[in-house]
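Open the model in your viewer and keep the selection panel at hand. The tour goes stop by stop, each with something to select and something to look for.

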Amino acid sequence: MKIRSKTIEHLQLEALLRRLPPSHKKWSEVESHLLRHSAGHFGETTADVYLQYLPRNRYHVLQDLRLFDGIRHFQIDALIITTSFILIMEVKNLRGKLIFDLEHHQLFRTYQEKQDIFPDPFLQVEHQTLQLTRWLQTAQFPDIPIHSFILIANPNTTIKTHGRDTQQYKRRIIRPKLLFSEVEKLHSRSSPPVWDSDLIKLAAETLHKANTPFTASLLQRFELTPADLIKGIRCPKCEKFRMERKRAHWFCSSCGHKSEDAHLDTLRDYQLLMGDEISNPEFRAFSCLSSEKVARTLLSDHCPHNNGATRGRKYRLDLVK
Ligand SMILES: [Zn+2]
């Protein structure tokens with residue numbers, strides 16, 4: 001298991017913010033999405049660190065799954081598969097003071113003298129449990145108990161509960177440092193194994209294959225069109241979109257910086273925001289480049305393409321890692 005780098009969605013949001021004029025009415029909305037996303041990502045990476053301490057011979061860990069249950073897509077932050085149970089983990093990275101209202105199924109957060117209400121994470125994981133059960137049945141895996149934890153990633157967050165805890169919710173709210181001991185406790189309390197190691201392996205492979213990371217267009221989500229985006233090649237030094245093509249390099253008409261490969265960032269932005277195929281006219285429009293020949297040379301240097309006629313040729317972008 002490797003500690004995840006930024007998610008695709010995170011990279012897409014960064015590209016969108018770069019390409020949106022700061023005066024655009026959606027700019028601050030995109031920025032606040034990116035900030036929230038960075039916070040969530042930090043929470044998940046903290047959890048990742050503690051997930052690594054689970055012994056590999058007993059626990060199989062999968063992260064960041066997005067699956068389709070036949071009706072809707074659902075997302076799971078982390079999944080631990082064992083011989084006697086599956087554990088769903090929902091990672092929350094909220095700062096401040098959290099109050100779980102166990103009777104009315106609400107989550108209150110007080111932070112910087114402001115109070116917010118969030119959907120109850122327990123209802124969320126209960127629905128995920130239902131969806132995962134459906135998914136496992138469809139894939140014809142034998143029944144296995146499914147448990148869930150709410151992981152509060154930020155160690156400085158205060159946790160309180162409100163109301164009677166008739167369903168024993170409280171003990172399912174945990175801190176990352178307690179992850180190992182809580183999973184071990186669950187293990188010692190569980191019934192005899194129902195899956196063997198081959199089945200765990202098969203389930204992990206099948207889940208991995210069925211994983212469909214979020215790819216819906218970010219532009220669509222923010223109700224933007226390509227016309228809203230800043231076109232041109234961005235200067236790696238002064239960050240203005242003022243690079244012009246000289247003989248065999250790019251020249252910034254704003255700060256005088258020279259670059260050999262400034263177009264690669266532009267192609268990467270294109271891939272993140274528009275998709276992973278580009279034609280010569282599309283590249284020229286996005287980068288404000290007039291020469292068809294220069295565009296063809298740059299694209300052919302970096303992108304494999306179908307060998308069809310030059311006109312209408314699509315180049316494949318593979319710049320997002
Ligand atoms: Zn510059």
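Select Met243 and Cys252: Met243 stands opposite Cys252 in S11. Keep in mind throughout that this is a predicted model.

**Stop 1: the sheet around Met243**

Now widen the selection to S10 and to strand S11, residues 250–252. Three bridges join the two, and they run antiparallel. Add S12, and you have an open sheet of three strands in the order S10-S11-S12, with antiparallel pairing. Why is one side of S10 and one side of S12 left without a neighbour in the sheet? Strand S10 (243–245) and strand S12 (258–259) stand at the edges, and each has a single partner strand, so one side of each has no neighbour there.

**Stop 2: the two domains**

Zoom out and colour by domain. Domain 1 covers 8–210 and domain 2 covers 231–316. Place a marker at the centre of each, taken over C-alpha atoms: the centres of domain 1 and domain 2 are 40 Å apart.

Next, show the residues that touch across the boundary. How many residues of each domain are in contact? Seven from domain 1 meet ten from domain 2. Between them, domain 1 and domain 2 bury about 800 Å², with 56% of it on carbon and sulfur atoms. Which residues of domain 1 lose the most area to domain 2? Select Leu11, Arg18 and Arg19: together they make up 75% of what that side buries.

Stay with Arg18 and add Asp269. The pair forms a salt bridge, and its closest N and O atoms are 2.6 Å apart. Across the interface of domain 1 and domain 2 there are two salt bridges. The same interface also holds five residue pairs in polar contact, both residues being at pLDDT 80 or more. Colour the domain 1 side that touches domain 2 by class: four residues are nonpolar, one is polar and two are charged.

**Stop 3: two hairpins**

Move to strand S4 (residues 97–101) and strand S5 (residues 106–111). They pair in the antiparallel sense over five bridges. Pick out two of the facing pairs. Asp101 stands opposite Gln106 in S5, and Lys97 has Thr110 in S5 as its bridge partner.

S4 and S5 form a hairpin with four residues between them. Select His105 in that turn: its phi is positive, about 55°.

Follow S5 onward to strand S6, residues 114–119. S5 and S6 pair in the antiparallel sense over six bridges. Keep Thr110 selected and look to S6, where its bridge partner is Gln115. This second hairpin has two residues between its strands. Click Gln112 in the turn, where phi is positive at about 50°.

Go back to S4 and find strand S8, residues 158–162. Five bridges join S4 to S8, and the two run parallel. Select Phe100 with Thr161: Phe100 stands opposite Thr161 in S8.

With side chains displayed, keep one rule of thumb in view. In a regular strand the side chains alternate between the two faces of the sheet.

**Stop 4: the five-stranded sheet**

Last, select S1, S2, S3, S7 and S9. These five strands form an open sheet in the order S1-S2-S3-S7-S9, and the pairing is mixed. Which strands are at the edges? Strand S1 (60–68) and strand S9 (173–174) are, and each pairs on one side only.

Finish on strand S3 (residues 86–92) and strand S7 (residues 146–152). They run parallel and are joined by seven bridges. Select Glu90 and look across to S7: its bridge partner there is Ile150.

Definitions and conventions: Residues numbered from 1 in each chain as written. Predicted model: local features only at pLDDT ≥ 70, side-chain atom pairs only at ≥ 80, totals over all residues. Heavy atoms only, no water. Domains from an automatic or database assignment. Contact = heavy atoms within 4.5 Å. Buried area = accessible area lost by both parts, 1.4 Å probe. Salt bridge = Lys/Arg side-chain N within 4 Å of Asp/Glu carboxyl O. Polar contact = N/O pair within 3.5 Å; in protein donor to acceptor, adjacent residues only side chain to side chain. Nonpolar A, V, L, I, M, F, W, Y, C, P; charged D, E, K, R; others polar. Pairing = 2+ DSSP bridges.
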